[in-house]
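User: I've got this model open and I'd like a close look at one helix and whatever sits around it. Could you walk me through that part and then work outwards?

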2 protein chains.
Amino acid sequence: MADGLPRDRFRVVYRIAGDERQALAVARDICVEQTVEFPSELLTAGRVREEIVGRIEAVEPCDASHARVTISYAAETSGFELTQLLNVVFGNYSMKPGVRVEWLDLPDALLGRFAGPRFGRAGLRSWLGAPVRALLCTALKPMGLSASELADLAYQMALGGIDVIKDDHGLANQPSAPFEERVSRCVAAVDRANRETGFRCIYAPNVAAGPDAALQRAQFAKRAGAGALLFSPGLAGFGLLAQLAADDAITLPILSHPTFLGSFVTSPDSGIAHAALFGQINRLAGADASIFPNFGGRFPFDRDACLAIAAATAAPLGGIKPSFPTPGGGMSLNRVPELLDAYGRDVILLIGGGLHQTGSTLVENCRKFRHQVV
Amino acid sequence: MADGLPRDRFRVVYRIAGDERQALAVARDICVEQTVEFPSELLTAGRVREEIVGRIEAVEPCDASHARVTISYAAETSGFELTQLLNVVFGNYSMKPGVRVEWLDLPDALLGRFAGPRFGRAGLRSWLGAPVRALLCTALKPMGLSASELADLAYQMALGGIDVIKDDHGLANQPSAPFEERVSRCVAAVDRANRETGFRCIYAPNVAAGPDAALQRAQFAKRAGAGALLFSPGLAGFGLLAQLAADDAITLPILSHPTFLGSFVTSPDSGIAHAALFGQINRLAGADASIFPNFGGRFPFDRDACLAIAAATAAPLGGIKPSFPTPGGGMSLNRVPELLDAYGRDVILLIGGGLHQTGSTLVENCRKFRHQVV
């Protein structure tokens with residue numbers, strides 16, 4: 001954590017393939033490639049060589065074929081911007097296999113530049129009027145339904161006691177359910193259900209798109225009365241996520257979806273560890289909730305990776321608020337007790353298609369879901 | 001290519017691990033996961049099932065352990081937006097190993113929605129006054145130098161006959177060389193050299209950042225007289241790249257840098273093939289030049305992958321202009337003949353640190369570089 005870290009340097013923990021000697025050689029290369037990207041022998045002594053080039057802080061064996069190396073970088077190399085921070089952490093080295101980013105360790109001087117989630121766990125709980133229990137999320141789908149059909153589903157889901165009804169991450173601005181019509185109809189449907197139930201269900205339309213379109217959609221969603229936003233940083237950028245989160249004209253909780261980010265995590269020896277990517281980076285960028293595929297679903301995330309993400313959403317991070325872990329993907333009602341056991345109550349449980357089981361209505365399935373967490 | 005493709009569907013070629021039977025099962029899953037993401041058995045007959053779910057168009061063995069499967073999707077699933085197109089192509093499936101996107105095949109009805117590069121090969125050649133020869137690029141580095149020191153380097157590089165002097169991709173808005181001061185000084189330095197040489201060298205400052213900062217920096221660069229922009233879609237998004245390329249208040253050629261995109265290509269069985277990512281997607285997003293690590297440099301891109309990228313920058317793509325392949329990364333002067341032999345003259349050759357060899361001045365090394373291509 002940030003305690004004891006010098007104000008002016010941040011640390012990155014890398015897991016490097018090879019024995020300790022090999023890993024050390026790679027680490028020396030990382031120190032140069034990720035900063036000055038310049039032949040070391042041409043660097044004259046002085047500030048650039050002493051301060052700007054990364055510095056190996058610790059090397060320890062990890063297993064028979066990997067070592068864990070901690071490298072520190074001058075905070076100024078990040079320009080105090082999220083995009084450039086990611087660039088120093090893993091930019092060019094993303095192209096070299098055998099190196100995985102495991103953890104970021106940022107000093108308060110750098111953390112102070114990132115706003116993080118506007119709501120965070122406590123804020124979202126207050127927004128939803130649910131101070132203690134696990135929260136429930138589901139998704140409007142399938143793509144291809146009309147805005148009216150999706151709104152009908154939203155009504156039933158809200159009636160059944162879901163807290164957050166998000167667009168499927170594939171709903172953009174397609175002709176079948178244009179964004180503005182969809183948002184207007186779904187907000188109205190959820191409001192109608194809330195008047196009947198007394199619940200405070202919110203609808204989270206998907207605003208992932210190019211920056212102008214995303215900002216326009218987010219502003220429209222706010223005006224129309226949506227209660228949150230869904231955003232996919234893999235498609236539209238962590239920088240845009242940070243901008244949406246910090247925009248005082250929007251001020252809505254943001255759920256981050258993992259689509260198009262999978263290549264960072266599919267190879268165990270390369271990329272970025274689940275906890276750093278879906279936990280730390282999402283949170284730095286301002287996601288109030290981080291959706292990720294749960295273990296035992298249809299994606300190959302294992303239990304340890306999922307619990308590490310959940311831990312990272314609440315690990316100390318300067319003044320940055322904790323976000324909600326939001327496991328989903330191929331989940332079903334009968335797994336809820338197991339999930340509560342694994343994650344505790346500070347979680348948003350996401351069940352999508354699994355609520356559309358035959359043999360019971362959608363409303364009834366949502367009620368069963370709700371009864372499992374109260 | 002797009003010839004013969006129905007107006008309303010686009011095709012994606014996937015390379016899938018497994019024998020033909022296994023690959024077919026995965027392909028059926030892709031058809032659902034990338035579109036409706038809904039239990040197949042719950043999809044009633046009708047438009048969603050017939051049109052929206054992906055459709056397997058062809059399966060062929062690829063090698064003993066892989067098959068190549070072509071899947072078509074309704075153009076409307078993309079919402080005619082780049083971010084959502086990428087989502088359908090590979091969004092959730094990025095999280096499942098064993099599937100690699102090899103090629104996109106888009107109908108004119110979809111291609112017509114993407115502007116692509118504003119300049120392209122012909123436009124950039126005209127902008128630089130170099131109608132035939134290979135073009136030369138180098139990078140201002142190392143990070144940590146002051147704006148004045150970087151401008152001094154730019155002056156020498158321009159004097160030596162470089163066509164495009166780009167910021168190192170790690171130069172953002174650090175205190176050592178703040179963006180606006182750096183741009184002003186480097187533009188002035190390059191202009192001064194151009195007056196002495198009669199050349200038309202241009203400076204490409206790095207504008208990768210969150211959307212607002214990137215747009216402000218691009219606008220400042222335009223006003224200050226920069227001749228191009230450097231942008232990193234891995235850090236800041238392909239959607240923002242498309243917006244910068246289409247912005248009529250900016251109208252500068254854009255060089256795309258591969259930083260933070262490496263995880264898509266490091267695993268041969270997952271991710272996105274080099275040609276599709278650095279060739280096709282960069283070009284759809286509007287990059288006039290696509291920088292990628294050359295074979296035999298310090299990154300593990302092989303010769304076939306590099307030549308496939310180069311081919312993709314000029315493959316038929318509706319009315320979208322060809323972009324420039326820009327191989328770089330650990331290159332040196334003595335490899336120029338080999339590179340010209342491999343890529344031909346429709347290339348931008350990027351040598352960074354290699355121009356700072358000892359034994360000769362930077363200006364002299366640039367002149368040697370230039371003499372090799374005229």
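Which residues are buried in H10(B)?

Analyst: The buried ones in H10(B) are Phe238(B), Gly239(B), Leu240(B), Leu241(B), Gln243(B), Leu244(B) and Ala245(B). Keep in mind that this is a predicted model. The helix spans residues 238–246 of chain B, and seven of its nine residues are buried, so H10(B) is largely enclosed by the rest of the structure. Hop over to chain A and you find H10(A), also residues 238–246, mostly covered, with seven of nine residues buried. The list there reads Phe238(A), Gly239(A), Leu240(A), Leu241(A), Gln243(A), Leu244(A) and Ala245(A).

How the two chains are placed helps here. In general, two copies of a chain are related by a rotation about an axis and a shift along it. For this pair, turning chain A by 180° with 0.0 Å of shift along the axis lays it on chain B, at an RMSD of 0.0 Å. That is the relation of a two-fold axis. The C-alpha of chain A nearest that axis belongs to Gly237(A), 2.4 Å away from it. The copies meet through the same surface, because 100% of the interface residues of chain A are also interface residues in chain B.

One neighbour of H10(B) shows both chains at once. Thr83(B), which sits in helix H3 of chain B, touches Gly239(B) from its own chain and, across in chain A, Ala208(A), Ala209(A), Gly210(A), Leu235(A) and Ala236(A), leaving out residues up to four places away in sequence. With a relative accessibility of 3%, Thr83(B) counts as buried. Just ahead of H3(B), in the loop that runs from strand S3 (66–74) to helix H3 (82–90) of chain B, is Phe80(B). Phe80(B) has a positive phi of about 60°, although it isn't a glycine.

Another phenylalanine has that backbone quirk: Phe260(B) has a positive phi of about 70°, and it isn't a glycine either. Phe260(B) lies in the loop between strand S9 (254–256) and strand S10 (271–272) of chain B, and it is buried, with a relative accessible area of 3%.

For a contact on the other side of the burial cut-off, try Arg298(B). It sits in the loop between strand S11 (289–293) and helix H12 (303–312) of chain B. Its relative accessible area is 28%; buried means under 20% and exposed over 50%, so Arg298(B) is partly exposed. Setting aside neighbours within four places in sequence, Arg298(B) is in contact with Glu33(A), Glu37(A), Asn92(A) and Lys96(A) in chain A, and with Gly329(B) and Gly330(B) in chain B. Its C-alpha is 41 Å from that of Glu76(B), 222 residues apart along the chain.

Now for the interior. In soluble globular proteins, nonpolar side chains tend to be buried together. Here the largest nonpolar core has 237 residues, and those with the most contacts inside it are Leu140(A), Leu284(A), Leu140(B) and Leu284(B). Take Leu284(B): apart from residues up to four places away in sequence, it touches Leu82(B), Leu85(B), Leu104(B), Leu106(B), Leu111(B), Phe114(B), Gly116(B), Leu317(B) and Ile320(B).

Strand S5 is worth a stop too. Cys137(A) lies in S5 of chain A and is buried, at 0% relative accessible area. Its contacts, beyond four places in sequence, include Ile162(A), Val164(A), Leu255(A), Ile348(A) and Phe369(A). Cys137(A) and Asp163(A) are 26 residues apart in sequence, yet 5.9 Å apart in space, C-alpha to C-alpha.

The loop between strand S5 (135–140) and helix H6 (147–159) of chain A holds Pro142(A), joined to Lys141(A) by a cis peptide bond with omega about 0°. In chain B, Lys141(B) and Pro142(B) are likewise joined by a cis peptide bond, omega about 0°, and Pro142(B) is in the loop between S5 and H6 of that chain.

That loop leads to H6(B), whose partner to check is H14(B), residues 362–371: the two axes come within 7 Å and cross at roughly 35°. The crossing is right-handed. On the H6(B) side, Leu153(B), Gln156(B), Met157(B) and Leu159(B) meet Leu362(B), Val363(B), Cys366(B) and Arg367(B) of H14(B). Sorted by class, that contact has six nonpolar residues, one polar and one charged.

Technical notes: Residues are numbered from 1 along each chain as its sequence is written. Chains are lettered from A and ligands numbered from 1 in the order in which they are written. This is a predicted model: local features need pLDDT of at least 70, side-chain atom pairs count only at pLDDT 80 or more; totals for chains, interfaces and linings use all residues. Side-chain values use heavy atoms; hydrogens and water are left out. Copies are superposed by least squares on the C-alpha atoms of residues with pLDDT of at least 70 in both. Contact means heavy atoms within 4.5 Å. A nonpolar core is a set of buried Ala, Val, Leu, Ile, Met, Phe, Trp, Tyr and Cys residues joined through side-chain atoms within 4.5 Å. Buried means under 20% relative accessible area, exposed over 50%, partly exposed in between (1.4 Å probe, protein chains only). Axes are lines fitted to C-alpha atoms, for helices over the stretch in contact, and angles run from 0 to 180 degrees between N-to-C directions. Helices (H or I, at least four residues) and strands (E, at least two) are DSSP runs, numbered from the N terminus. A crossing is left-handed if the near helix is turned anticlockwise from the far one by less than a right angle, and right-handed if clockwise. Ala, Val, Leu, Ile, Met, Phe, Trp, Tyr, Cys and Pro count as nonpolar, Asp, Glu, Lys and Arg as charged, and the others, Gly among them, as polar.
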